[in-house]
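Reader: I would like a close look at one part of this model, namely the salt bridges, together with enough of the surroundings to place them. Please state the cut-offs as you go.

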Amino acid sequence: MGLFDSPSHVLIILVVLVVLFGAAARLPKAAKSMGEAMRIFKKESAKLHEEDSSTAQVQSWTPEQVAAPQPQVAPQQVTPQQATQEQMAALQKQMDDLKQQMPPAPQPAPGTPPATQHTSQP
């Protein structure tokens with residue numbers, strides 16, 4: 001009883017050869033994409049394990065551990081109006097700083113019409 005006695009054995013060998021050599025160009029690409037997928041999966045699962053351990057550490061802290069290194073500061077009562085005014089003052093200061101950093105705009109020559117913007121809207 002040999003390997004090539006039955007036509008089904010020959011057929012199976014031919015199918016295997018066609019699959020291997022017919023898909024030879026596609027096999028390296030498939031292996032590469034499978035490797036990349038595995039690397040991404042390992043990286044993401046490692047991130048999840050890191051996040052789980054960091055949240056476990058945060059949850060295991062006692063209030064004494066959290067409060068010990070912080071200096072005691074008297075809380076200030078800030079009204080919403082004061083908070084809004086402080087934000088407006090900070091934004092105004094940022095705007096002034098940006099205006100000082102910007103170079104002056106070039107002045108058009110005398111007698112030239114002002115530039116207009118053209119749009120492609122109908």
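Author: What follows takes the salt bridges in turn and then turns to their setting in the chain.

The model is a predicted one, in which local features need pLDDT (the predictor's confidence in each residue, from 0 to 100) of at least 70 and side-chain atom pairs count only at pLDDT 80 or more, whereas totals for chains, interfaces and linings use all residues. Residues are numbered from 1 along each chain as its sequence is written, and side-chain values use heavy atoms, with hydrogens and water left out.

A search of the whole structure gives two salt bridges, a salt bridge being a side-chain nitrogen of Lys or Arg within 4 Å of a carboxyl oxygen of Asp or Glu. As background, side chains of opposite charge can pair when their charged atoms come close.

One of the two pairs Glu44 with Lys47, with 3.8 Å between the closest N and O atoms. Both residues belong to helix α2, which covers residues 26-60, and they stand three residues apart, about one turn of the helix; helices here are DSSP runs (H or I, at least four residues) and strands likewise (E, at least two), numbered from the N terminus. Glu44 is classed as partly exposed because its relative accessibility is 41%, and Lys47 is likewise partly exposed, at 41%; in this scheme buried means under 20% relative accessible area, exposed over 50%, and partly exposed in between, with a 1.4 Å probe and protein chains only.

The other salt bridge joins the side chains of Asp97 and Lys93, at 3.5 Å from N to O. These two residues lie in helix α4 (residues 80-101), and because they are four residues apart, about one helical turn separates them. Asp97 is partly exposed, since its relative accessible area is 32%, while Lys93, at 55% relative accessibility, counts as exposed.

As for the setting, the chain has four helices and zero strands, which read along the sequence as α-α-α-α. Of the 122 residues in the chain, 1% are buried. The exposed area of the chain is about 12100 Å², of which carbon and sulfur atoms supply 64%; such areas come from the Shrake-Rupley method with a 1.4 Å probe, and for residues only the protein chains shown count as cover.

Confidence deserves a separate word. The mean pLDDT of the chain is 75, with 66% of its residues reaching 70 or more. Among the elements of the chain, α4 has the highest mean pLDDT, 86, and helix α3 (residues 63-67) the lowest, 53.
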